[in-house]
Amino acid sequence: MAQHGSTHGSHSGHGGGHGSLKEYVIGFALSIILTIIPLLVVMNGWLHGTAAIIVLLGTAALQFAVQLLFFMHLREEKGPRYNLMTLILGLIVVITVVIGSLWIMANNPMY
Amino acid sequence: MLDKIKEFASWFFVTGDPLIYGADIAIALTTAAIIFVLTYFKKWKWLWREWLTTVDHKRVGIMYIIASLLMLFRGGVDALLMRTQLAFPDMQFLSPEHYNQVFTTHGVIMILFMAMPLMFGLFNIAVPLQIGARDVAFPFLNSLSFWLFFMGAMLFNMSFVIGGSADAGWLSYPPLSEMTGSPGVGQDFYIWGIQISGIGSLMTGINFIVTIVKMRAPGMTWSKIPMFTWSVLSSCITIIIAFPVLTVTLALLFLDRYLGAHFFTMDGGGNAMMYVNLIWMWGHPEVYIVVLPAFGIYSEIVSTFSKKRLFGYGSMVFAMMSISLMSYFTWLHHFFTMGSGANVNTFFAITTMIIAIPTGVKIFNWLFTMYRGRLTFSTPMLWSIAFIPCFVVGGMTGVMLSVAPADFQFHNSYFLIAHFHQVLIGGVAFGYFAGLYYWWPKMFGFKLNETLGKWAFWIWNIGFYVCFMPQYFVGLDGMTRRVSTYSWDTGWWGLNFTSTIGGFLMGIGFLFQVWQIAHSIKFMEKDTTGDPWNGRTLEWSIPSPAPLYNFATTPQVTERDDWWEEKERIAAGKAPKPQPVLEPIHMPKNSAIPFIQSVCWFAVGFGLVFHWLWIAIPGLLGVGITMLAHSFNYDTDYYIPVDEIIRTEEAARRSV
């Protein structure tokens, strides 16, 4: 019952660790770089049109991967594959939100 | 100077309506009475120590339930105000502006500040007890969730007397909810009230998923989890996929209003339709979020009061989990008439019809559970039985609405109003009432009076049908929702008047429930057994009310409906399960931080509503400081020694 009622969480109950300081710093740096790149590209007008969109989407996808790997500890799972299951659910939801909205709006004669 | 104050006050406070002045006086008197009683009986310390700072899931649950019943009263009064206004053609009871505010407030309160907290209250009361746990996974977070909800609800309710209420409908579509349509502060109260309580809802969702996944008693495998707990899991999964959408959508609306962005405006490249699209991505799953736990409650009650195992456990679990996922694929059926073309409408019409299938499966599961059972008609069972025909009719009209071409006729008419009230009252409210009656003895240690409960039940039910059946017809006659008045030549008077009578009957039913609670507190019928309904799941194996630590020793689960099987074993003359030796129990300490941090969030919300950064910024600082303080607080837990457990258990048994 060690994990019962403990607010700050006892580490014995979890499979795997919670990452190291180095990992967090790398993840933090990567996510900042991936934020600055699209910002510079758009603010300074380095790229336009499709090229700019591709850079934006590409850095967004990489950002997503950085979050999962460095902060959500996707690689560190043990036991039942909850991480994978939740990731798949999350992807289904994100794809539904994005594709669904685009599809609905594209068919809307008002816009 | 005096003029300036006067000018400020007339802008700050809502003025000019006798109803509002009445509310002002009522609020002032209630506040004064509460302060007086607490001071006179020297209860301030008790209130602070035992309730405001508690992290005990049972107490948090009770606070949720009290708050939600108050909100039910407030939302119910709003409903009756509307029904009074509509009782006769050309009524002059509420002005159109006031009517808009009342229906907006009614919708928001009933869904977000009544149904949600009542649901969370029942989660808190029942889930840890059902799975044999000592508390939820994150007790501190649980308390924070409650206080965030409470402060959000207070912020929203305040708009009634300060600043003015939102009046753009319960989902506040732009452009009406933009600065151009709603220049006042009401819309900002709406945004921040929901945002602050929404954080709490999301955290509760996470908390209960972790609790159910990680903290079940040893031996409780997935196929032995009680059905209510399954329903909570499915509901919480839907919470964590739906609520972020709401938060983002309202944040974008706030940016439009506060910083002049153009996400949903009519000019500057904004797209008001996008708001409708996004808000229903939360809004549709939301109705399943509130109804799934009700399905779980019915499952528990039907099986307990039929003295039979639930029919089709596996199919029930499958139905719940598939609903929780599929609820995410039907949102467009709320705006078929937006005109996205036949392909889009067909897709969402079909998904909507598909989701009716698992719901239908459940109805048969409950019916077959009752079939050849030994039924007892206590109040929880009465509400569960009444739910079935009510929900079936509501579901059928829902399938009618899902037919896209037909929806163009029904859309935004009273037909729709009747439909969703039938599923939300007949499904959700009946379910939570049933759950409240069912778990009341476990919460407070005494039963509610059955006679008064039956009166309340019958009046509520008759009132319900009298109120909402006419609305289907008046809707087919062409009456649209949100109209504050109509004329004699429409021919809607008779149906509307009948509906108003039904509304007041439901109000009387509610008064009977209040009387029932008051009466039962006075003539307390103590539950001495801990198992007043001859229950099946673990929460009935411990004394009522449950001790602080719930279970003196962690239960070892071997079967589905473990407590029932244990009773059967004992009745058959077999030895009860051996009790493990008592050990000190690890418990979380109370904390004042959730309360203080939520007050800071309230300040943030209030400051942003009025554009007063001198309140909002200190509020945000307070939030940060309390977070830091909690991060560095390592003194968060303690142990209950064995002799204290023995004393508590003996005292509980002595009252037996």
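**Salt bridges, cores and the chain A–chain B interface**

K58(B) is buried, with a relative accessible area of 11%. The structure described here is a predicted model. K58(B) has a salt-bridge partner, D56(B). The closest N and O atoms of the two residues are 3.2 Å apart. D56(B) is buried because its relative accessible area is 10%, under the limit of 20%. The relative accessible area of K58(B), 11%, also falls under 20%, so K58(B) counts as buried too.

A second pair is formed by E50(B) and R59(B). Their side chains meet in a salt bridge, at 2.7 Å from N to O. Is E50(B) buried or exposed? Neither term applies: E50(B) has 31% relative accessibility and therefore counts as partly exposed. R59(B), at 27%, is likewise partly exposed. Both values lie between the 20% and 50% limits, which is why the intermediate class is assigned.

A third salt bridge joins D188(B) to R257(B), with an N to O distance of 3.1 Å. D188(B) belongs to helix α7 (residues 186-214) of chain B, and R257(B) to helix α8 (residues 227-259) of chain B, so the pair ties together parts that are 69 residues apart in sequence. Both D188(B) and R257(B) are buried.

Salt bridges also form a network in chain B. It links E559(B), E566(B) and R569(B). Two of these residues, E566(B) and R569(B), are among the buried residues of helix α17 (residues 562-571) of chain B. The other buried residues of that helix are D562(B), W564(B), E565(B) and K567(B). G573(B) follows α17(B) and has a positive phi, near 85 degrees. Over all chains, the salt bridges number 10. Side chains of opposite charge can pair when their charged atoms come close.

The nonpolar cores come next. The largest nonpolar core holds 180 residues. Which of its members touch the most other members? They are W282(B), W366(B) and Y432(B). Among the elements, helix α9 (residues 272-306) of chain B gives the most to this core, contributing 20 residues. Apart from this core lies another, of 13 residues. Its members include L86(B), Y414(B), V474(B) and W492(B). In soluble globular proteins, nonpolar side chains tend to be buried together.

W366(B) shows the surroundings of one core residue. With residues up to four places away in sequence left out, W366(B) touches F295(B), Y298(B), S299(B) and V302(B). Its contacts also include L310(B), M316(B), F387(B) and I388(B).

Two further helices of chain B each supply a residue for inspection. Q85(B) is part of helix α4 (residues 57-86). Its relative accessibility is 1%, under 20%, so Q85(B) counts as buried. Beyond its neighbours within four places in sequence, Q85(B) is in contact with M91(B), Q92(B), F93(B), L94(B) and Y99(B). S484(B) and T485(B) are in contact with Q85(B) as well.

P18(B) is found in helix α2 (residues 18-40). At 65% relative accessibility, over the 50% limit, P18(B) is therefore exposed. P18(B) and A434(B) stand 416 residues apart in sequence. Their C-alpha atoms are 37 Å apart in space.

Chain A has 111 residues, of which 23% count as buried. Its secondary structure consists of three helices and zero strands. From the N terminus on, the order is α-α-α. Of the contacts in chain A with a separation of 6 or more, 58% join residues 24 or more positions apart.

The two chains meet at an interface. On one side are 25 residues of chain A, in contact with 39 residues of chain B. The area buried between the chains is about 2700 Å². Carbon and sulfur atoms give 69% of this area. How many salt bridges are there between chain A and chain B? The count is zero. Two residue pairs between chain A and chain B are in polar contact. On the side of chain A that touches chain B, 13 residues are nonpolar, 12 are polar and none is charged.

Technical notes:
Residues numbered from 1 in each chain as written. Chains lettered and ligands numbered in written order. Predicted model: local features only at pLDDT ≥ 70, side-chain atom pairs only at ≥ 80, totals over all residues. Heavy atoms only, no water. Core = buried A, V, L, I, M, F, W, Y, C linked by side-chain atoms within 4.5 Å. Buried < 20%, exposed > 50% of the residue type's maximum accessible area, 1.4 Å probe, protein only. Helix = DSSP H or I, 4+ residues; strand = E, 2+ residues; numbered from the N terminus. Contact = heavy atoms within 4.5 Å. Buried area = accessible area lost by both parts, 1.4 Å probe. Salt bridge = Lys/Arg side-chain N within 4 Å of Asp/Glu carboxyl O. Polar contact = N/O pair within 3.5 Å; in protein donor to acceptor, adjacent residues only side chain to side chain. Nonpolar A, V, L, I, M, F, W, Y, C, P; charged D, E, K, R; others polar.
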